Amino acid sequence: MARQSGSTHSTVTATEQRLAKLGLQREMDLALHFPLRYEDETRITPLDEVVDGVPVQIEVVVEESTVQYRPRRQLVVRCIEPNTAHPLFLRYLNFYPSQQKQLAAGRRVRVFGETRGGFLGKEMVHPRVKVVDEDASALPQALTPVYPTTAGLSQLTLRKAIEAALAKVDLHDTVPALWRKRLGLVGIEHAVRGLHHVEPGESLPALEARLQPSWRRIRFDELLAQQISLRKAYVQRRERIAPRLVAQDVAQKITQKNTGKQKSSTTQPTLAKQFLAQLPFALTGAQQRVSQEIERDLSQPYPMQRLLQGDVGSGKTVIAALAALQAIEAGYQTALMAPTEILAEQHYNKLSAWLTPLGLKVVWLSGSLGAKQKREARALIGKGEAQLAIGTHALIEDAIDFAQLGVAIVDEQHRFGVRQRLALREKHDGGHSPHLLMMSATPIPRTLAMSYYADLDVSVLNELPPGRTPVLTKLLSDARRDEVIERVRHSCLQGQQAYWVCPLIEESEALQLQTALDTHALLTAALPELRVGLLHGRMKTDEKSAVMAQFAHGQLHLLVATTVIEVGVDVPNASLMVIEHAERFGLSQLHQLRGRVGRGMAESVCLLMYATPLSDTAKARLKVIYENADGFEVSRLDLELRGPGEFVGSRQSGQPMLRFANLERDADLIEPARELAEHLLQAAPQAAEAHLERWLGVRADLLKA
Ligand code: ADP
Ligand code: MG
């Protein structure tokens with residue numbers, strides 16, 4: 001038969017290709033490819049003892065094998081158990097001639113599968129068959145592992161490849177004995193071999209739920225590899241060079257410039273001092289602490305890479321301004337990048353109002369600027385005449401060269417891709433890297449932060465500016481829409497302003513736009529005494545900014561908007577937020593949207609309208625947002641409800657490495673893994689490398705971002 005006599009060479013290649021598809025290239029990859037489940041072929045179950053639906057192995061002799069055509073073509077094999085003469089029928093709806101041959105009358109076979117009661121006696125559908133011949137009749141000693149596989153790669157081939165690899169791999173323990181003891185971990189050799197070769201008698205359900213000590217060890221090792229690689233990235237960053245943004249430099253520069261005009265530059269109030277003096281408020285304790293952390297980082301000769309987490313409204317913009325001023329004072333420029341035009345422009349308005357009085361030049365750079373304006377902005381940046389450049393991702397376009405970029409700030413960093421952030425970091429490649437400050441209002445629970453951001457330093461603004469009244473959140477069925485409209489009328493006539501957020505329609509942008517237009521028309525008609533504006537993603541930038549400016553200046557009472565207002569928009573007089581179809585939004589989105597109000601002195605209200613009936617998950621989610629005002633708590637509960645997958649936005653570089661560990665279930669292993677990673681990198685760097693190599697091999701590159 002031609003099919004069976006294909007050349008060995010091409011078979012090997014095809015197998016290798018299929019193994020590679022599973023990421024199995026090295027012997028170690030194969031050794032660390034663990035079974036999904038196990039089948040017990042170590043014993044033969046007498047037919048009497050068989051329970052329908054439970055996988056068992058039975059030994060029978062074939063009596064007759066026939067192809068039947070009712071109700072469709074199938075192979076039916078009548079067997080009997082030798083000692084008892086109980087019958088067993090095997091049924092194959094698809095079969096090869098080779099199978100038919102294997103099941104010829106008189107053959108003694110072991111079949112593995114689940115039985116069910118048939119008309120004529122017990123039967124098995126598509127059981128696995130092993131012919132018992134004289135030389136191979138011994139039963140296996142270990143359970144038969146069933147591995148995750150791919151099309152065309154049989155369990156047998158995979159098992160052989162893994163066995164061969166296990167015979168060769170070096171499984172010396174990379175976790176020191178003392179740590180294993182402290183953490184109650186079994187040895188790696190024991191764990192790896194034990195998971196491939198399971199003795200009969202072990203609890204299969206526990207094994208398959210991966211609860212065994214061996215599995216715990218595997219998960220720990222995987223988390224350790226992740227921590228080592230992230231900490232390595234952290235250390236490598238310290239080997240890069242960044243400008244030290246220190247006051248001394250300023251003092252020298254100013255003295256040089258003024259050549260005697262000024263007696264002593266140290267008596268000059270620094271830019272930061274001037275800036276703080278003109279602010280209408282004092283920094284919160286948290287703002288002071290965080291700005292000191294950043295100040296310290298910026299004065300180091302290696303690039304800062306800090307994540308600033310602060311709930312919506314915690315005052316991150318002031319921190320960004322202070323970082324910029326430190327750079328500017330040392331003679332360097334700052335770039336501030338925001339994910340949307342609206343937010344970037346708002347930053348531009350705010351920061352130029354803050355910094356222009358200090359004699360500084362702030363430029364605005366966005367994709368929507370005309371060619372001439374863009375050229376001018378670029379020239380100002382290139383010549384170093386602009387100290388602060390604010391914009392969208394247009395800022396990191398290749399054509400823009402900073403004269404001397406000292407600090408790059410990314411606002412709402414989770415909205416950007418890893419690549420964009422890398423591009424910003426590489427912006428200044430003449431030997432120096434800029435300091436990087438990433439800001440985010442989507443707080444990440446601690447365990448997640450530890451595993452996704454272990455290569456960053458993290459600062460937390462855990463205090464809101466004083467005088468904020470908490471936002472009152474209410475849940476209403478959309479049957480009460482008219483009441484909500486009345487409420488808007490009432491509040492706006494009292495001098496307050498309101499947002500009305502249109503439902504998110506993920507399937508269709510066109511539909512979403514149409515809904516926004518309809519809602520705007522409806523509310524304009526229903527509220528003739530109010531000025532109602534509309535903001536959506538399809539509007540031109542200048543239209544958008546005109547509407548935003550009108551709203552910010554109190555010329556509009558009500559702003560009907562899509563989620564374009566989700567991040568960063570800051571209009572303190574707005575105190576009422578209405579969100580339609582709240583059940584369609586993510587929790588962090590709702591928290592962000594709600595954060596648009598509660599920024600001024602007035603009591604703020606957020607009305608979440610939902611469509612009935614609500615699913616149980618939708619109910620659970622709305623309950624979280626209703627009961628919690630703290631963004632960290634919201635995100636912790638969000639994580640509980642939907643797992644870490646979507647959480648980390650585009651920073652998923654750490655994700656592909658985790659095959660076995662689970663950041664929720666294994667939260668208790670992350671902290672020790674981090675400690676050991678640091679210990680190994682310092683005390684036994686070779687062990688750290690060996691561990692990384694073992695677990696990541698070729699995938700180690702994925703983590704560079
Ligand atoms: P976010 O952290 O969400 O970016 P913003 O920087 O937009 O917050 O700040 C929210 C509002 O709080 C702004 O109007 C800002 O001027 C104001 N603000 C910031 N810090 C303080 C403070 N220490 N005291 C009072 N108001 C502050
Ligand atoms: Mg902000």
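1. Helix 12 and helix 13. In this predicted model, helix 12 passes helix 13 in a right-handed crossing. Helix 12 covers residues 316-329 and helix 13 covers residues 341-355. Their axes come within 11 Å and cross at roughly 55°. That angle makes helix 12 oblique to helix 13.

2. Residues at that crossing. Helix 12 contributes Thr317, Val318, Ala321 and Leu325. Helix 13 meets them with His347, Lys350, Leu351, Trp354 and Leu355. By class, the contact has six nonpolar, two polar and one charged residues.

3. The sheet. Seven strands form an open sheet, and the pairing is parallel. The order is 12-13-11-14-15-10-16. Which strands stand at the edges? They are strand 12 (362-365) and strand 16 (457-461). Each has a single partner strand, so one side of each is left without a neighbour in the sheet. On average, neighbouring strands of this sheet are turned by 20° against each other, direction ignored.

4. Inside the sheet. Strand 11 (residues 333-337) pairs with strand 14 (residues 405-410) in the parallel sense. Five bridges make up this pairing. One residue pair to look at is Met337 and its bridge partner in strand 14, Val410.

5. Helices on the sheet. Helix 11 (residues 285-298) packs on the sheet. It touches strand 10 (305-310), strand 14, strand 15 (435-440) and strand 16. The direction of helix 11 makes about 155° with that of strand 16. Helix 13, already met in the crossing with helix 12, also packs on the sheet. Helix 13 touches strand 11, strand 12 and strand 13 (388-391). Its direction makes about 170° with that of strand 12.

6. The edge at strand 12. Strand 12 and strand 13 run parallel, joined by four bridges. Leu365 stands opposite Gly391 in strand 13. Are the side chains of strand 12 buried or exposed? Val362 and Trp364 point one way, Val363 and Leu365 the other way, and all are buried. So this strand has one side without a neighbour in the sheet, yet Val362, Val363, Trp364 and Leu365 are buried.

7. The loop between strand 13 and strand 14. Ala403 is found here. At 34% relative accessibility, Ala403 counts as partly exposed. Its C-alpha lies 9.1 Å from that of Leu380. The two are 23 residues apart in sequence.

8. Helix 8 and helix 23. Look next at another helix pair. Helix 8 (residues 213-238) and helix 23 (residues 667-683) have axes that come within 8 Å and cross at roughly 55°. That makes helix 8 oblique to helix 23. Helix 8 passes helix 23 in a right-handed crossing.

9. Residues at the second crossing. From helix 8, the contact uses Arg216, Arg219, Phe220, Leu223, Leu224, Gln227, Ile228, Arg231 and Lys232. Helix 23 supplies Asp668, Leu669, Ile670, Pro672, Ala673, Arg674, Leu676, Ala677, Glu678, Leu680 and Leu681. By class, the count is twelve nonpolar, one polar and seven charged residues.

10. The whole protein. There are 24 helices and 22 strands. Buried residues make up 50% of the 705 residues. Among contacts with a separation of 6 or more, 76% come from residues 24 or more positions apart.

Note on methods
Residues are numbered from 1 along each chain as its sequence is written. Chains are lettered from A and ligands numbered from 1 in the order in which they are written. This is a predicted model: local features need pLDDT of at least 70, side-chain atom pairs count only at pLDDT 80 or more; totals for chains, interfaces and linings use all residues. Side-chain values use heavy atoms; hydrogens and water are left out. Axes are lines fitted to C-alpha atoms, for helices over the stretch in contact, and angles run from 0 to 180 degrees between N-to-C directions. Helices (H or I, at least four residues) and strands (E, at least two) are DSSP runs, numbered from the N terminus. Angles under 35 degrees count as roughly parallel, over 145 as roughly antiparallel, 65 to 115 as roughly perpendicular and the rest as oblique. A crossing is left-handed if the near helix is turned anticlockwise from the far one by less than a right angle, and right-handed if clockwise. Contact means heavy atoms within 4.5 Å. Ala, Val, Leu, Ile, Met, Phe, Trp, Tyr, Cys and Pro count as nonpolar, Asp, Glu, Lys and Arg as charged, and the others, Gly among them, as polar. Two strands pair if DSSP finds at least two bridges between them. Buried means under 20% relative accessible area, exposed over 50%, partly exposed in between (1.4 Å probe, protein chains only).
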